[in-house]
Amino acid sequence: MLRFKPSSKNLFALSAVSLILAACGGGSNQDAKKAAAVPPLSPAPVIQAATAADVLSFTGKRQNYTITRQGSTYVIVDTLGGTAPVTAPVTTTTLQFSDFRVNLRVGDKAAALSVASLNNLIDLYVAFFNRVPDADGLAYWIDQVQAGMTEAQIAESFYLVALQSPALTGYSSSMSNDDFIRIIYKNVLGRTGTTAPNAAEIDYWSSQLKNGTPKGSMVRAILVSAREYANDATWGWVTSLLNNKLDIANYFAVQQGLSYLTLDDNITKTMAIAAAVTSTSTSAARDLIGVSGNPINSSLIVPGTTGVYGSPDSLANICTPNGEKSWVRAHLDDVYLWYRDIVNVPAANYSTPASYFDALIVKSKDRFSFTDAQGSIDDYFQSGEDVSYGYSLVREGSKIRVRYVQPGSPADIAQLKRGTTLVSVDNTDLGGSLNDTQYNALFPSKTEVHSFRVQDTNAASSRLVSMTSTTVTTAPVLQDQILNVNGKKIGYMVFTDHIRTAEAPLVTAMRKFQNARVDDLVLDLRYNGGGYLYIANELSTMIAGSKVVNKVFEQLQFNDKHTDLTADNVSYFYDTDTNNRLLPQLNLPRVFILTGSGTCSASESIINGLKPFMQVILIGDTTCGKPYGFVQTNNCKTAYFAIQFAGVNAAGQGDFTNGFTPLCKATDDLNHDLGNQSETRLSAALTYASTGSCPAAGFSPAPPPLEGSPIRDKSMQPWRNIKLLKSANMQAR
């Protein structure tokens with residue numbers, strides 16, 4: 001039973017309030033007289049309209065403008081380009097759009113209160129009026145607090161105002177004490193139906209009213225008591241609901257400074273926003289608001305959940321299971337792009353911090369966040385080192401085939417080629433579903449020796465080979481060559497990994513193409529799952545050349561707790577490498593990119609970043625669809641990769657969660673080597689380069705992998721599908 005018994009501090013507060021207001025408890029006649037003495041309010045007295053000199057008006061909707069504070073004034077930019085940027089005069093108090101007013105003073109007013117006082121005021125607003133406050137109304141009541149009005153007096157005033165609109169608030173002067181308690185449980189705590197208060201709970205609080213507790217103060221007491229159940233397994237959701245309503249109210253009225261243009265809208269629409277909040281999400285409420293982007297008062301982001309899970313910094317490197325899980329929850333609450341949508345689960349139900357992390361990830365939006373051993377991640381991205389045989393595999397129906405081989409690797413020494421089929425491992429057939437032993441033999445994590453029966457493309461019989469897994473150093477540029485096609489020079493490059501060691505071979509290949517003065521470039525990214533974003537930036541500059549220098553490559557957008565990072569992370573096209581040496585530039589008007597389902601993340605940033613400035617012609621299959629990225633965060637030797645940001649290009653485009661669709665669909669042809677002009681995807685690109693149209697041959701997808709095949713799901717390490725910053729500061733390459 002959730003009775004919300006008041007603590008000693010709440011009893012003290014109630015006693016003090018009783019002395020101050022000296023109000024009787026349940027007398028409906030007295031309530032009616034008080035209500036009649038209060039002029040019609042909703043819920044702030046009517047504020048005198050701002051003079052024309054105080055208001056700056058715009059014809060468009062609020063969402064179509066950015067508002068940036070610069071000292072004591074604001075700069076307003078029309079993102080649709082219809083008007084030039086406007087600097088508001090210092091005297092301006094209000095910006096008026098076609099759908100909202102923006103109160104430019106509410107942020108400073110809110111900052112003058114303590115966080116606790118501001119939150120308590122918003123709590124009361126939501127509780128009594130069943131809606132989020134509009135900025136104008138909240139500004140009025142902040143002024144009353146500053147003038148000396150106590151929270152108890154404000155609570156009683158709110159109650160008397162609420163009596164004037166019983167159809168909206170549910171409160172009436174004629175209701176019994178028991179009905180009053182039920183309304184609080186419904187409006188304030190969200191407890192209806194099967195979670196409605198039982199008789200004992202109602203009797204407990206009703207007796208407080210009979211003993212003289214003012215009704216306004218009763219709501220305050222129940223709010224305070226409810227928050228004491230934050231970690232309760234049964235009733236913790238009530239605290240989460242209160243915090244989420246506080247969060248969305250702060251966002252609407254304080255951070256964005258919003259009010260609707262009419263009194264009716266200020267009531268009905270803000271009620272709808274509050275009603276859309278649940279104990280697990282504020283997304284639907286934000287959708288109703290319809291205003292996103294940087295809050296105008298970003299320094300005042302104090303959502304109700306802030307600090308509930310602690311500071312990640314203070315919880316870091318407490319390397320016990322419970323300590324690590326506490327850090328995981330605080331970390332996600334701090335940086336995760338969809339932190340508002342996390343559904344809490346009991347940490348005790350998960351044996352490891354990694355499994356707890358995975359359980360908290362918002363699967364409906366996020367199929368990419370992951371964890372791994374810090375050592376493995378660091379080795380790979382810094383030096384390209386990984387324990388393996390040096391092959392990349394794909395499952396085609398009942399066959400497991402080689403896509404490519406790293407030069408000098410055990411697979412290369414065993415003469416495995418593109419298209420080779422692995423028939424068996426250690427005398428066990430690979431034609432069916434793999435067991436764990438077979439999978440671990442195919443993808444060992446340490447040095448091991450295994451025997452394989454393989455069949456090469458077009459070979460009449462199979463052969464037996466033995467391979468010893470070892471540390472293989474990835475060659476991120478597998479191939480670069482200049483093809484002569486119909487009198488034109490066409491550069492062709494296979495690029496597989498955006499890792500630190502990719503910079504030098506990319507520069508070498510692009511300088512080779514520059515010196516040859518290639519007419520076109522075919523960039524093969526079909527197997528490139530991404531990596532460091534700065535590598536994608538450098539490569540894009542080398543392709544496009546001078547026309548993109550000093551232009552925006554990608555704007556990163558972090559969650560609303562980190563608007564400073566969003567403001568700082570505008571990535572311009574780099575024209576130098578990490579040693580500040582000028583990059584070669586091809587200055588091409590178009591580029592052909594070979595794509596597949598493995599073309600992901602940082603590779604898709606190349607496509608998206610170049611699209612506003614040149615023709616980007618995709619050949620192959622649809623890309624993976626990942627406009628999101630990570631900042632690797634380490635704790636207790638585990639590397640955590642929670643989606644922290646989304647990215648958009650110079651044109652504001654970045655919604656490619658379904659992937660980029662190629663202009664010419666073309667099969668991934670394992671029967672020809674990469675770079676062979678007869679290989680289907682390369683051939684399609686060369687055909688288009690010569691004729692301006694896709695080849696007549698249709699797209700024939702490879703046989704689908706066996707249902708549940710781990711080759712499809714696990715053969716590529718999760719860190720291969722990644723858009724990664726070295727740090728939250730984009731400029732740190």
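Which handedness does the disulfide of Cys319 and Cys636 have, going by the torsion about its S-S bond? It is left-handed, because that torsion comes out at about -95°. Keep in mind that this is a predicted model.

## Three disulfides

A disulfide is a covalent bond between the sulfur atoms of two cysteines. Searching the whole structure turns up three disulfides. Number the bonded cysteines of the protein chain in sequence order and the pairing reads 1-4, 2-3, 5-6.

Start with Cys319 and Cys636, whose sulfur atoms sit 2.1 Å apart. This pair links distant parts of the chain, 317 residues apart: Cys319 is in the loop between helix H14 (312-315) and helix H15 (321-335), while Cys636 is in the loop between strand E26 (633-635) and E27. On accessibility, Cys319 is partly exposed, with a relative accessible area of 48%. Cys636 has 15%, so it counts as buried, the cut-off being under 20%.

## The other two bridges

Next up are Cys600 and Cys624, with 2.0 Å between their sulfur atoms. Their link is right-handed, with 60° about the S-S bond. Cys600 belongs to the loop between E23 and helix H23 (602-610), and Cys624 to the loop between strand E24 (615-620) and strand E25 (628-631), so the bridge ties together parts that are 24 residues apart in sequence. Cys600 is buried at 1% relative accessibility, and Cys624 is buried too, at 14%.

The remaining bridge joins Cys664 and Cys694, with sulfur atoms 1.9 Å apart. This link is left-handed, with -80° about the S-S bond. Again distant parts of the chain are linked, 30 residues apart: Cys664 in strand E29 (residues 664-665) and Cys694 in the loop between H24 and helix H25 (710-714). Cys664 is buried, with 2% relative accessibility, whereas Cys694 counts as partly exposed at 32%.

## Aromatic pairs

The structure holds 31 aromatic pairs. One of them is Phe370 with Phe641: the ring centres are 4.5 Å apart and the planes meet at 10°, so the pair is stacked, which calls for planes under 30 degrees apart. Phe370 is in strand E8 (residues 370-373) and Phe641 in strand E27 (residues 638-641), so this contact ties together parts that are 271 residues apart in sequence. Phe370 is buried at 8% relative accessibility, and Phe641 is buried at 0%.

Phe592 and Tyr688 give you an edge-to-face pair, with 6.0 Å from centre to centre and 70° between the planes. Here too distant parts of the chain are linked, since Phe592 is in strand E23 (residues 590-595) and Tyr688 in helix H24 (residues 680-691), 96 residues apart. Phe592 counts as buried, at 0% relative accessibility, as does Tyr688, at 13%. Elsewhere, ring pairs join Tyr125, Phe128, Phe129, Tyr140, Trp141 and Phe158 into a cluster.

## Charges over rings

Two charge-over-ring contacts are worth pulling up in the viewer. The charged end of Arg286 sits over the ring of Tyr251, at 3.8 Å from its centre. Lys561 lies over the face of Tyr339, 4.3 Å from the ring centre.

## Helix H20

Does the geometry of H20 agree or disagree with the expected helical rise of 1.5 Å a residue? It agrees: the helix has 14 residues (503-516), so it should span 20 Å, and its end C-alpha atoms are indeed 20 Å apart. Just after H20, Arg517 takes a positive phi of about 55°.

Which residues of H20 are buried? They are Glu503, Leu506, Val507, Ala509, Met510, Phe513 and Ala516. The cover over these buried residues includes strand E17 (477-485), strand E18 (488-495), strand E19 (520-524) and helix H21 (533-544).

## A stop at Thr169

One last spot to look at is Thr169, in helix H7 (residues 166-169). Thr169 counts as buried, with 5% relative accessibility. The C-alpha atoms of Thr169 and Met271 are 9.8 Å apart, with the two positions 102 residues apart along the chain.

Methods
Residues numbered from 1 in each chain as written. Predicted model: local features only at pLDDT ≥ 70, side-chain atom pairs only at ≥ 80, totals over all residues. Heavy atoms only, no water. Helix = DSSP H or I, 4+ residues; strand = E, 2+ residues; numbered from the N terminus. Expected span 1.5 Å × (residues − 1). Buried < 20%, exposed > 50% of the residue type's maximum accessible area, 1.4 Å probe, protein only. Contact = heavy atoms within 4.5 Å. Phe/Tyr/Trp six-rings, centres within 6.5 Å; stacked < 30°, edge-to-face > 60°. Lys NZ or Arg CZ within 6 Å of the ring centre and 35° of its normal. Disulfide = S-S within 2.5 Å.
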